[in-house]
Amino acid sequence: MALLRRISTKPAEWAYIVARVRVMSRKLIPREDYNKLLNMDIHEIARYLEESEYKREIDELAYKYSGMDLVDYALSLNLSRTYSKLIRISKGVPRQLIVQYLRRYDFWNLKNIIRGKMFGFPREEVEATLVIAGEYDEQFYRALMAKETIEDIVKTFEGKPFYPILDKLVKACPLAEFEDELDKFYYQSLTSISPETIDMKYFLEFIRMEIDIKNIKTILRLKTEGAEMDEIVPKIVPGGYQLKEDVARRLAAMELDELMKSLEGFWFHEAIKDVLREPLSRIEVYFDRMWAQKVVSKSHHFPLSILPVLSYMLLKKIEVDNLRILARGKAEGLPTEAIKEQLVIV
Amino acid sequence: MPVEGLVAIGAGLAVGLAGIGAGLGEQAIGAAAVGAMAEDPEFFGKGLLMTVIPETIVIFGLVVAFLLMFI
């Protein structure tokens, strides 16, 4: 019976969502257009977005905002809507995996709301950073932002598995440590999924590789800032693909030059083998680009799996980040070359 | 059982099994075609064409059934 159900529904549920994301991927901004965008000012960028997939959001928000604010809000809203759409149009295993992956935005939003509350940022500014794509909806976040104190916000999550982390924050835990703990909780909840089926296996492999990229970026960033091993180790997310906790610990103990040389043999080394002497911000861009390329190439090898969907989600996020860097760079009057160096063009 | 009865069962199986096979083949293609069309209606022609390709299997089954019944 199970076999019959497998034969009768499995290919269809993957084929549907994969076909949709493949068509959606065609609508992402082509790499050639970034050169055009680099020569535009902030208002021209907003106009360009109005003629693209961001039209609906720009039209909706243009009466209220302009310039950088308009672009910022429209990008966040579009990202939320795109991710919510993916949940809406999928079912079965693909939906489960997408929902699991998008839970990162619940934590992202929670971190931003708490940070906003802690430092007294205006509510509108915090709202612009929210990506409503996880378990909770817009109303929930509005209610959360309306709470008077951080304690009230934390109380809302009583009974949730991550409540102890929030509770620790109230009891004077540093904000950075709290954010690291939430990240760890998120990744641990994903890596603890048992790889029963091949679909789960692909998903887990993706998550583990993402952890590798996150960890190596953390190690390099902290090393560049001159941090000691004891400061780096608590920030390492366990469950990496090649960069397991003990390996990460070993790398964290090395000097920066030695560390760079030791990266040979890791799957992400090809991203940086020719650029070891470049500044860290550039190296991070190379990591992101190589990671995206790797996911895209894997998604072509395993077309009826979660990988094309994850690849689309990653590319969409990169596109939104790129547009934000472009718009912010232009608004701040940064030179075109400096902006271009920060873009992850896949 | 007379031979005509067995031939009729064979003909039925030829069409029936071919139909099931084509259905299994078409489910993923159909789902993908509908997915692509939902995002971009321009895929209608290509989607329809791809969806009916496995139908040819049923035609083979039908031919076999005719051969069994009438030749």
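In this predicted model, the secondary structure of chain A is made up of 18 helices, with zero strands. Chain A holds 346 residues, and a compact globule of that length would have a radius of gyration near 20 Å; the value for chain A is 21 Å, which agrees. Along the principal axes, the C-alpha atoms of chain A fill a box of roughly 60 × 55 × 50 Å. Buried residues account for 32% of the chain. Of the contacts in chain A with a separation of 6 or more, 62% are between residues 24 or more positions apart.

Helix 6 of chain A, residues 92-119, invites a closer look. Its 28 residues should span 40 Å at 1.5 Å a residue, and the end C-alpha atoms lie 41 Å apart, which agrees. The helix nevertheless bends by about 25° at Tyr101(A), and Tyr101(A) is also one of its buried residues. Others buried in this helix include Pro94(A), Leu97(A), Ile98(A), Trp108(A) and Ile113(A), along with Asp106(A), Asn109(A) and Asn112(A). After the helix comes Gly120(A), with a positive phi near 65°.

Turning to the interior, the largest nonpolar core has 82 residues. Those touching the most other members are Ala15(A), Val71(A), Ala74(A), Phe206(A), Val309(A) and Leu310(A) from chain A, together with Ala32(B) from chain B. For Ala74(A), the contacts beyond four places in sequence are with Leu49(A), Tyr54(A), Glu57(A), Ile58(A) and Leu61(A). A second core, separate from the largest one, has six residues, among them Leu110(A), Ile114(A), Val126(A) and Leu144(A). Two of these names, Leu110(A) and Ile114(A), also appear among the buried residues of helix 6. In soluble globular proteins, nonpolar side chains tend to be buried together.

Chain B has three helices and zero strands, giving the pattern α-α-α along the sequence. Its radius of gyration is 17 Å, well over the 11 Å that the globule rule gives for 71 residues, so chain B is more spread out than a compact globule. The C-alpha trace of chain B spans about 55 × 20 × 10 Å along its principal axes. Buried residues make up 24% of chain B. Among its contacts between residues at least 6 apart in sequence, 71% join residues at least 24 apart.

Finally, the two chains meet in a contact that takes ten residues from chain A and eleven residues from chain B. On the chain B side, seven of the residues are nonpolar, two are polar and two are charged.

Definitions and conventions: Residues numbered from 1 in each chain as written. Chains lettered and ligands numbered in written order. Predicted model: local features only at pLDDT ≥ 70, side-chain atom pairs only at ≥ 80, totals over all residues. Contact = placed C-beta atoms within 7 Å. Nonpolar A, V, L, I, M, F, W, Y, C, P; charged D, E, K, R; others polar. Core = buried A, V, L, I, M, F, W, Y, C linked by C-beta atoms within 7 Å. Buried ≥ 20, exposed ≤ 12 C-beta atoms within 10 Å, placed from the backbone. Helix = DSSP H or I, 4+ residues; strand = E, 2+ residues; numbered from the N terminus. Rg over C-alpha atoms; globule rule 2.2 N^0.38 Å. Expected span 1.5 Å × (residues − 1). Bend = angle between axes of the 7 residues up to and from the residue.
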